[in-house]
Amino acid sequence: MSPRDLPASPSTPSAPLPLSLSDLVVERVGFGLFVLDRDMNVLMWNRFMQDHSGVAAADVIGRPVFERFPDLPRAWLTRKVESVFQLGSFAFSSWEQRPYLFRFDHDRPITGGVDYMQQDCTFMPLMQDREVIAVCVTLSDVTHVSIMQREREDAVARLREYADRDGLTGIANRRYFEGRLADEFARWQRYGGEMSVLLFDLDHFKKINDEFGHVVGDTVLRAMAQRVAQVVRKQDVFGRFGGEEFALLLPCTPLDDALHVAEKIRHTIGDAPVEVQGVVVPVTASVGAAAARPGASDYEVMINEADAALYSAKRQGRNRCVALIHEPS
Amino acid sequence: MPDRVFTELQRDALQEIANLGMGQAATRLSGLLNAFIELSVPRVRVVAVSEAAQALREMTGIDGPVTAVRQGFRSEIKGEALVICRSGEIAELGALIGGPYAQSTRDALTEQELVFDVANVLSGACVSSMLDQLGRLPVFSQPGLLGGAIMLDEVFQPGMLAWDLALLVEVNFALEDQRFRAHLVMLMAEESIHHVSRAIDALLHSL
């Protein structure tokens, strides 16, 4: 049947009413369409709504929409529709704020990971002679959009995690460590209190690499990072500073306590050798400690002082902890 | 000044149309919210892209970061509506819609939903009323957050825009006796300016 053969809109009510092209479109279109009057009675209900709700047009038209759908957010929906009548303008609802209006199934029940069809709704004023005569609601299935968005958010979270981690040892990398140190230092500058930093370094690591090869060297680094990670407190930040050098940020910790932690770490590393591919590798560490002190302009002063203490520990014969003590001026 | 776009007669007419439109919007909003919403006298300006951000700063009186919700509207005359307020004051936007309107909502609204709701109500009322004066019936798109804390300069990305001139209509809202103000700006680009101009002429002829 070509459009020309379609009868014009019917002038006499004779059953069955011939359908116009727009009627046919509304019937088959791939999103929900229904019309409400000011008392929330349903005036129109398309096939999408019927298929997904299981309620036929004949059973809902002429009745308040809440009669068949008591789960609808009544006050919210009434207010939306009323605002369209009063303002003669559109209203919206997005899945991001309100996941769905109707509890409809979606076509990814197995792989989707969402409970009901996610919906975007538009409330459109139907105007005649500049008056709103009814509100047409369109309902789009945006389940796939919501799934994609969730997948993207997950990917970003994973990337962020990777960006903060050291690839070899899995602990914080230097960029992340320095970021946290800068934050903590700023907090200390504002609120005062105590904070310390440890820098430590595996002794004669170059020799381990040379003697046993890089694979063994890497395994030693990983094993040491794991051992130390198990003894640091939750609030501390433990990171790989580069090569065989590690750093530990100790918030709210005075230098004396930091030295206790330093000793604990030195023992954790040195008390038992690492066994790699049948080879027993003894490892020790030297630790330098420094605390934030008034007058320091930025956190790098602390890092430099801890580095100087570490250097001093190396010079004193390694496998020891040294703190940089400032004489009170 | 790019204000040569409109003749003096057209400019006066446009200002009058904006006054009438926003007056109608205020009436409709007061009806909906059951509270008296105070609307400022609308300000109408034609600006070049390069001056658009500065114009927004002058019109809103805001220099710092803002929260902005945008919404497109479309008819022969099309454009975007922005609801703008100072970033720190976004929570107060909800207060504009206090009273019975909010109390009728037993379902909890998230803050974001509330913000979009208020922005949609304000821009819907103003844009519909203004375009109604010009004999146009717009279709709206979903509101979206332009940014939670952006500078007004970031609203326009001059390199990316396909137009040189914009028509800005600004109006701001407050509840009686409240300091907090939300701003609504309608932005219409070149092509739409010509349609506005023609619509004004048609209106003037019909008088």
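A residue is called buried here when its relative accessible area is under 20%, exposed when that value is over 50%, and partly exposed in between. With that in hand, let's walk through this predicted model, starting with a pair of charges that the definition helps to place.

A:Arg240 has a relative accessibility of 16%, so it counts as buried. Its partner is A:Asp166, and the two side chains meet in a salt bridge with an N to O distance of 3.3 Å. This pair joins distant parts of the chain: A:Asp166 sits in the loop between α6 and α7 (174-191) of chain A, while A:Arg240 belongs to strand β7 (residues 237-242), 74 residues apart. A:Asp166 counts as buried too, because its relative accessibility is 14%. As a general matter, side chains of opposite charge can pair when their charged atoms come close.

Let's turn to another salt bridge in chain A. The side chains of A:Glu82 and A:Arg38 meet at 2.8 Å, N to O. Here again the contact links distant parts of the chain, with A:Glu82 in helix α5 (residues 74-87) and A:Arg38 in the loop between β1 (32-36) and β2 (42-45), 44 residues apart. A:Glu82 has a relative accessible area of 23% and is therefore partly exposed. A:Arg38, at 44% relative accessibility, is partly exposed as well.

The loop that holds A:Arg38 is also the place of A:Met40. Look at the backbone there: phi of A:Met40 is near 70°, a positive value in a residue other than glycine. Most residues other than glycine have a negative phi. A:Met40 is buried, since its relative accessible area is 5%.

A little further along comes a salt bridge within a helix. A:Arg47 and A:Asp51 bring their side chains together at 3.2 Å, N to O. Because they are four residues apart in helix α2 (residues 47-53) of chain A, about one helical turn separates them. The general geometry behind this is that an α-helix has 3.6 residues a turn, so residues three or four places apart point the same way. Both residues of the pair are partly exposed: A:Arg47 has 33% relative accessibility, and A:Asp51 has 49%.

How many salt bridges does a search of the whole structure find over all chains? The total is 26. A network of salt bridges also brings in chain B, linking A:Arg79 and A:Lys80 with B:Asp117. Chain B itself contains six helices and eight strands. Reading from its N terminus, the order of elements is α-β-β-α-β-β-α-α-α-β-β-β-β-α. Of the 207 residues in chain B, 54% are buried.

Back in chain A, two surface patches are worth a visit. One is negative and is formed by A:Glu96, A:Glu151, A:Glu153 and A:Asp154. Within this group, A:Asp154 lies in helix α6 (residues 143-164) and is partly exposed, because its relative accessible area is 39%. The other patch is nonpolar: A:Leu19, A:Leu21 and A:Leu24 together offer about 260 Å² of accessible area. A:Leu19 is located in the segment before α1 (21-28), and with a relative accessible area of 46% it is partly exposed.

Helix α9 (residues 214-231) of chain A invites a quick geometric check. Its 18 residues should span 26 Å at 1.5 Å a residue, and its end C-alpha atoms are 26 Å apart, so the two values agree. Which residues of α9(A) are buried? They are A:Val216, A:Gly217, A:Val220, A:Leu221, A:Ala223, A:Met224, A:Ala225 and A:Val228.

Our last stop is helix α11 (residues 299-315) of chain A, where A:Arg315 is found. Is A:Arg315 buried or exposed? It counts as exposed, because its relative accessibility is 67%. The C-alpha atom of A:Arg315 is separated by 9.9 Å from that of A:Ser286, 29 residues apart along the chain. In the loop between α11 and β12 (321-323) lies A:Arg318, whose phi is positive, about 70°, although it is not a glycine. A:Arg318 is partly exposed, since its relative accessibility is 30%.

Notes:
Residues numbered from 1 in each chain as written. Chains lettered and ligands numbered in written order. Predicted model: local features only at pLDDT ≥ 70, side-chain atom pairs only at ≥ 80, totals over all residues. Heavy atoms only, no water. Patch = residues over 30% accessible without salt bridge, like charges linked within 9 Å, V, L, I, M, F, W, Y side chains within 5 Å. Areas by Shrake-Rupley, 256 points an atom, 1.4 Å probe, with all protein chains shown as cover. Salt bridge = Lys/Arg side-chain N within 4 Å of Asp/Glu carboxyl O. Lys, Arg positive; Asp, Glu negative; His and termini not counted. Charge placed at Lys NZ, Arg CZ, Asp CG, Glu CD. Helix = DSSP H or I, 4+ residues; strand = E, 2+ residues; numbered from the N terminus. Buried < 20%, exposed > 50% of the residue type's maximum accessible area, 1.4 Å probe, protein only. Expected span 1.5 Å × (residues − 1).
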